[in-house]
Amino acid sequence: MSNAAKNIIARVVKNRLATGEKLKDVMKLYPKLTAEEIKEIKAIL
């Protein structure tokens with residue numbers, strides 16, 4: 001996955017967390033992400 005795509009997903013996740021959603025629930029919306037990609041997105045947050 002490109003850095004641009006990871007950054008976009010990270011922004012979406014940040015916005016959803018700001019509305020009170022839980023990280024694990026938001027990440028379930030992206031079932032194709034690998035464990036490594038999820039780790040990288042969490043590092044951006």
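**Exercise 1. Find the helix that holds N7, and decide whether N7 is buried, partly exposed or exposed.**

Step 1. Look up the element: N7 is found in helix α1. Helices here are DSSP runs of H or I with at least four residues, strands are runs of E with at least two, and both are numbered from the N terminus.

Step 2. Know your model. This is a predicted model, in which local features need pLDDT of at least 70 and side-chain atom pairs count only at pLDDT 80 or more, while totals for chains, interfaces and linings use all residues. Residues are numbered from 1 along each chain as its sequence is written, and side-chain values use heavy atoms, with hydrogens and water left out.

Step 3. Apply the cut-offs: buried means under 20% relative accessible area, exposed means over 50%, and partly exposed is in between (1.4 Å probe, protein chains only). N7 counts as partly exposed because its relative accessibility is 34%.

Step 4. Add a distance. N7 and E21 are 14 residues apart in sequence, and their C-alpha atoms are 19 Å apart in space.

**Exercise 2. Work out how the span of α1 compares with the expected one, and where its buried residues sit.**

Step 1. Start with the length: α1 has 16 residues and covers residues 3-18.

Step 2. Compare the spans. The expected span of a helix is 1.5 Å times one less than its number of residues. From first C-alpha to last, α1 reaches 22 Å, close to the 22 Å expected.

Step 3. List the buried residues of α1: they are K6, I9, A10 and V13. They cover an arc of only 105 degrees around the axis, so they lie on the same side of α1. The arc is taken from the directions from the helix axis to the C-beta atoms.

Step 4. Turn to the other side of α1, where R11, N15 and A18 are exposed.

Step 5. Find the partners: the buried residues of α1 pack against α2 (23-27) and α3 (35-44).

Step 6. Look just past the end of α1, where G20 takes a positive phi of about 105 degrees.

**Exercise 3. Compile the contacts of K6, L17 and I44, leaving out residues up to four places away in sequence.**

Step 1. Fix the rule: contact means heavy atoms within 4.5 Å.

Step 2. Take K6, which is buried because its relative accessible area is 10%. K6 touches M1, E40, I41 and I44.

Step 3. Move along α1 to L17. L17 counts as partly exposed, at 31% relative accessibility, and touches K22, L23 and L45.

Step 4. Cross to I44 in helix α3. I44 is partly exposed, with a relative accessible area of 34%, and touches K6, N7, A10 and K14. I44 and A10 are 34 residues apart along the chain, yet their C-alpha atoms are separated by 6.7 Å.

**Exercise 4. Describe the whole chain by its elements, its box and its charges.**

Step 1. Count the elements: the chain has three helices and zero strands, running α-α-α from the N terminus.

Step 2. Give the box. Along the principal axes, the C-alpha atoms fill roughly 25 × 15 × 15 Å.

Step 3. State the buried share: 20% of the 45 residues count as buried.

Step 4. Check the charges. Lys and Arg count as positive and Asp and Glu as negative, while His and the chain ends are not counted. Each charge is placed at NZ of Lys, CZ of Arg, CG of Asp or CD of Glu. The chain has 10 positive and 5 negative side chains, and the centres of the two sets lie 3 Å apart.
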